[in-house]
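Visitor: Could you show me how to read a protein model, one feature at a time?
Guide: Gladly, let us look at it together.

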Amino acid sequence: MTFKEDVLKALNTQKTLKELYSLFPEHSRPSIRGVVYKLANAGKVTRIKKGGEVSYVQSVKDIDEERSQDKTHAKEEEERKKDTRKTPQPLKPLKPKRLKKKSIKKKPVSPFGMDFSYAPEELVPKGVEYFPQSNETKVLTYAVKESKNVLLEGPTGTGKSTLVEFIAQEAGAPLITISCDVELDKIELLGKYELKDNMTKWIDGPILKAMRDGYWVVFDEINMAKPDILSVLHSLLDHRRQIIVKEHKNDVVKAHPNFRVFATMNYNYEGTSELNQAFKDRFGVVLHLSYMPPKQEIKLLIQKTGIDNSKALHMVKVAEDTRDLARKGEIPEAISTRTLVEWASAVVTNFTIHEAAEFTVLDKVSNEPAEREDVYNIIKNYFGEKV
Ligand SMILES: Nc1ncnc2c1ncn2[C@@H]1O[C@H](COP(=O)(O)OP(=O)(O)O)[C@@H](O)[C@H]1O
Ligand SMILES: [Mg+2]
């Protein structure tokens, strides 16, 4: 087979240039250019595609150009490769690091499962110590979890307020107290219009604010409240948990889910009345606090004031005796835990037992000289005559 025949045959079979080459005996292989020339001379116009595929070519010049282009390309490619080895490459743009979310210190959800992270710090009680009389912290924990209104009954100074403050502290709940004395009227409770920059604006009273913002509320001495106040509270304390504010466009204010109600009620107070049954029924939990067991009360006195053990023991005995007298109706008021704390605090700051009793105990118990005398005699029983 002649060269020409071979090439023509190869062309007809659309072989690649490489394959075409391989058709020639090694010793007589022409250059690629030579092949193309030969083809051209043979009357076949061929074209060599990149990659060596033989197809159509118009002139030898085209081939030359194409080859030189290929060469420069190859050269450039080679140079580029060298460059990448030598010259330092521009730093790859760093993958934008996934920024760690700034760990915002989240207030822990309270053991009551309630989130009070919105609560103003200053409204959450702190540093409250409560000495239980019985299972009252358990009962109040239940009430809070089950969203029951709580009524705490008992003589003054028996720790009713302290107990609620303690529970609020444990829950991390904001707590406000509304004193239900005779001064409390609807305006003070619900709010009022105020003139500001020639405009009248409604300002929420404490109860509406607490309802909207999810605070806990203590209605202190609720049995002192006037009937119109109690009637406002009716719909708040039942399943409706709302107040319709007639004074403000009949605005329907609904309680926040974290809103809770506590109320305290003292006995033996002038001006107090029994709560009517319909009102009392609205409290799912009614807890009676009495005076704490003597051992607990002694412990409380020592811990709170630093008074010595034997004085604490005798003071508690004095208090117990006055509680007996009060129960019998012989004196209007007994010595409460609060009064004991005040008495002991005065004693540890250098007053004698008798001196301190005069300004912490006697006035609290009675204004009647005869009744004061009775209490003074009890003090003498345990502490002897004034020295
Ligand atoms: N169980 C108690 N635990 C701790 N402190 C108590 C307790 N009971 C009474 N106190 C003391 O007596 C004071 C009056 O208690 P408080 O809670 O205000 O009584 P109440 O609200 O029943 O009138 C408190 O400041 C506290 O020092
Ligand atoms: Mg109180």
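Guide: Let us begin with names: helices (H or I, at least four residues) and strands (E, at least two) are DSSP runs, numbered from the N terminus. With that, we can place G306, which follows α11 and has a positive phi, near 80°. This is a predicted model, where local features need pLDDT of at least 70, side-chain atom pairs count only at pLDDT 80 or more, and totals for chains, interfaces and linings use all residues. Residues are numbered from 1 along each chain as its sequence is written, chains are lettered from A and ligands numbered from 1 in the order in which they are written, and side-chain values use heavy atoms, with hydrogens and water left out.

Visitor: What span should helix α11 have?
Guide: The expected span of a helix is 1.5 Å times one less than its number of residues. Helix α11 (residues 294-305) has 12 residues, so 16 Å is expected, and its end C-alpha atoms are indeed 16 Å apart.

Visitor: Which residues of α11 are buried?
Guide: Buried means under 20% relative accessible area, exposed over 50%, and partly exposed in between (1.4 Å probe, protein chains only). In α11 the buried residues are Q296, E297, I298, L300, L301 and T305. They pack against α12 (309-327) and α13 (337-348), where contact means heavy atoms within 4.5 Å.

Visitor: Why do the buried residues of α5 lie on the same side?
Guide: Here is the general idea: an α-helix has 3.6 residues a turn, so residues three or four places apart point the same way. In helix α5 (residues 136-145), E136, V139, L140, A143 and V144 are buried. They cover an arc of only 135° around the axis, which puts them on the same side of α5; the arc is that of the directions from the helix axis to the C-beta atoms. Their packing partners are β1 (150-153), α6 (160-171), β5 (216-220), β8 (260-265) and β9 (285-288). After α5 comes S147, whose phi is positive, near 55°.

Visitor: How many residues surround ligand 1?
Guide: A residue is near a molecule or strand if one of its heavy atoms lies within 4 Å of it. For ligand 1 there are 15 such residues, and the closest are F131, G157, K160, S161 and T162.

Visitor: Which polar side-chain atom lies 2.8 Å from an oxygen atom of ligand 1?
Guide: A polar contact is a pair of N or O atoms within 3.5 Å; within protein, one must be able to donate a hydrogen and the other to accept it, and residues adjacent in sequence count only if both atoms are side-chain atoms. The 2.8 Å atom belongs to S161. A polar side-chain atom of K304 lies 3.2 Å from an oxygen atom of ligand 1, and a polar backbone atom of G159 is 3.1 Å from one. Taken alone, ligand 1 exposes 550 Å², and the protein buries 88% of that; accessible areas come from the Shrake-Rupley method with a 1.4 Å probe, and for residues only the protein chains shown count as cover.

Visitor: Is S336 buried or exposed?
Guide: S336, in the loop between α12 and α13, is buried, with a relative accessible area of 3%. Its side chain reaches the backbone nitrogen of T339 at 3.1 Å. Not counting residues up to four places away in sequence, S336 touches T156, G157, Y291 and R323.
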